[in-house]
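Open the model in your viewer and keep the selection box at hand. We will make a few stops, and each one tells you what to select and what is there.

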Amino acid sequence: MGSIVVSKSVLSGEVEVSGAKNSALPLLAATILTDEEVILNKVPHLADVETMFDILRTLGKKVQYDRDSGVARVSGAVDKAHVPYDLVRKMRASFNVMGPLTVMLGEASTPLPGGCAIGVRPVDYHIEGLKKLGFEIFFEHGEIRARVGKKDEFVVVHLPFPSVGATEHIMSVATLLPGTTVIENAAMEPEIVDLQDLLNKMGARVRGAGTSKIIVEGVEKLHGCEHTIIPDRIEAGTYAIAILSTGGEGQVKNVVPEHLDALWSVLERSGAYVKRGTNYVYVKSPGKWHACDVNVLPYPGFPTDLQPQIVVYLSTAQGTSTVTENVFKTRFAHVAELVRMGANMKLKDNTLIIEGVEKLQGATVMGTDLRATAALVIAGFVAEGSTEVTQVEHIFRGYERVIEKFRGLGGVLEYRPGGVPEI
Ligand code: EPZ
């Protein structure tokens, strides 16, 4: 595994955001629901997207991708009913392929997703929801096998927690099953709305995405279409926080500002200047910023995928902040690494108490997952001296051209594949 060496830098200027990873993945999985060609625009070039392409190709789909234009063309019928372990273990989101595959082939199987650095991530809500839709589900040898069964004319699936993945999975599958499906306590993330928009362009009848109640009227068949993926709000938030954490100012472009209202309000409470444009946001650091209390919640609450990054921002704020994580209660692997850099923070249950410090110090730290690694790179720009973030490849799973984009903001960083200096 390689590392990124980061030096203290003030980040300023402009950065353009790519298409959303967490939209690209479920939308690509949904292409299984038709044999016709689906064209997706603004598909980011990321390791996770390549994994989804590999899964679709393994299942029999034809995938063409132009990484420069970000256009993906997916066509053809699936003809394999099993998702290989070596692909599923790379990426949990691949589990959402199982339902569409089962609907198209009548029966399919996939390995149960394993452990994850950000916490225990079962798929019981997915399974219970698919059973409600008449699926017969069998567990054997670490695998889940599913078979389409009889679905009642009117089904209500009430999710115990507004799970993004379970909402996307059940919504996609219900499009081709008879009768009506109602998903209650559904996740309301913008990526769910993007998936509804794609499915409806494919001829589905889905409404209510973006609210806690989604209604799907089943149809016989879906067809091809063209769709442009929404901007990546987590990437946008990451760059805005990075700019402000280093005392800089700049414009984050290709953003839907209201997708991040929870973030902008925290940053404004800390004293930062935030200007929302039509498709950009301009942020300016106040030089010194106040401590804040942050409650991480499902959308429209403060996103868990920006939690490690806001912890870095608050680590040098004036005063005592708290960050309470209510989505992945144990998502704090970045804390010990930040303490190694001189941060002063303590965990009490799922609340982090942060005493702002004057400075962070450069150190060698370890990336554990995608967002924690991004947060450590930001901490490297803030810290005195230089910081080496090891096990850094996580970051390429979710940030397109990240080295180039940070350099575009004046960041001093170098990627060392396998730990050796860049030539
Ligand atoms: C999606 O994961 C995102 N991934 C995650 O982003 C994001 O952190 C998460 O939603 C929350 O916003 C993608 O979109 C590909 P959940 P998902 O189901 O769908 C529990 C990133 O960095 N739960 O909403 O897996 C679960 O354990 C990634 O880009 C069950 O208990 O998240 C968690 O505590 C990381 N049983 C909570 O619900 C289930 O069957 C929310 O999980 C499903 C979920």
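**Stop 1: the cavity**

How many cavities of 30 Å³ or more does a search of the whole structure find? It finds one. Remember as you look that this is a predicted model. The volume of this largest cavity is about 40 Å³.

Now select its lining: Pro26, Ala29, Ala30, Asn96, Pro100, Glu168, His169, Ser172 and Leu195. Colour α1 (21–30) and α6 next, as these are the elements that each give two or more residues to that lining. Then colour the lining by class. You should see five nonpolar residues, three polar and one charged.

**Stop 2: α6 and its partner**

Stay with α6, residues 164–174, and add helix α5, residues 124–132. Which angle do α5 and α6 pack at? The angle is about 25°, and their axes are 9 Å apart. Angles under 35 degrees count as roughly parallel. The two helices α5 and α6 are therefore roughly parallel to each other. Turn the view until one helix lies in front of the other. The crossing of α5 and α6 is right-handed.

**Stop 3: another helix pair**

Clear the selection. Pick helix α11, residues 333–340, and helix α12, residues 370–382. Their axes come within 10 Å and cross at roughly 15°. So α11 and α12 are also roughly parallel to each other. Their crossing is right-handed.

**Stop 4: the second largest pocket**

Last, go to the second largest pocket, with a volume of about 510 Å³. It is lined by 26 residues. Select Ser18, Arg67, Glu400, Arg401 and Lys405, the ones closest to the pocket's centre.

Which element supplies the largest share of this lining? It is α13, with five residues. Select α13 as 402–408, and add β2 as 13–16: each of these supplies at least two lining residues. By class, the lining of this pocket has ten nonpolar, seven polar and nine charged residues.

Now give each domain its own colour. Domain 1 covers 3–17 + 231–416, and domain 2 covers 21–228. Why does this pocket lie between the domains? Both domain 1 and domain 2 give residues to the lining, so the pocket lies between them.

Terms used
Residues numbered from 1 in each chain as written. Predicted model: local features only at pLDDT ≥ 70, side-chain atom pairs only at ≥ 80, totals over all residues. Heavy atoms only, no water. 1 Å grid on protein atoms, 1.4 Å probe; cavity = no way out; pocket = protein on both sides within 12 Å on 5 of 7 lines; lining within 4 Å. Points joined across faces, edges and corners; volume = space filled by probe spheres on them. Helix = DSSP H or I, 4+ residues; strand = E, 2+ residues; numbered from the N terminus. Nonpolar A, V, L, I, M, F, W, Y, C, P; charged D, E, K, R; others polar. Domains from an automatic or database assignment. Axes fitted to C-alpha atoms, helices over the stretch in contact; angles between N-to-C directions. Parallel < 35°, antiparallel > 145°, perpendicular 65-115°, else oblique. Left-handed = near helix turned anticlockwise from the far one by under 90°.
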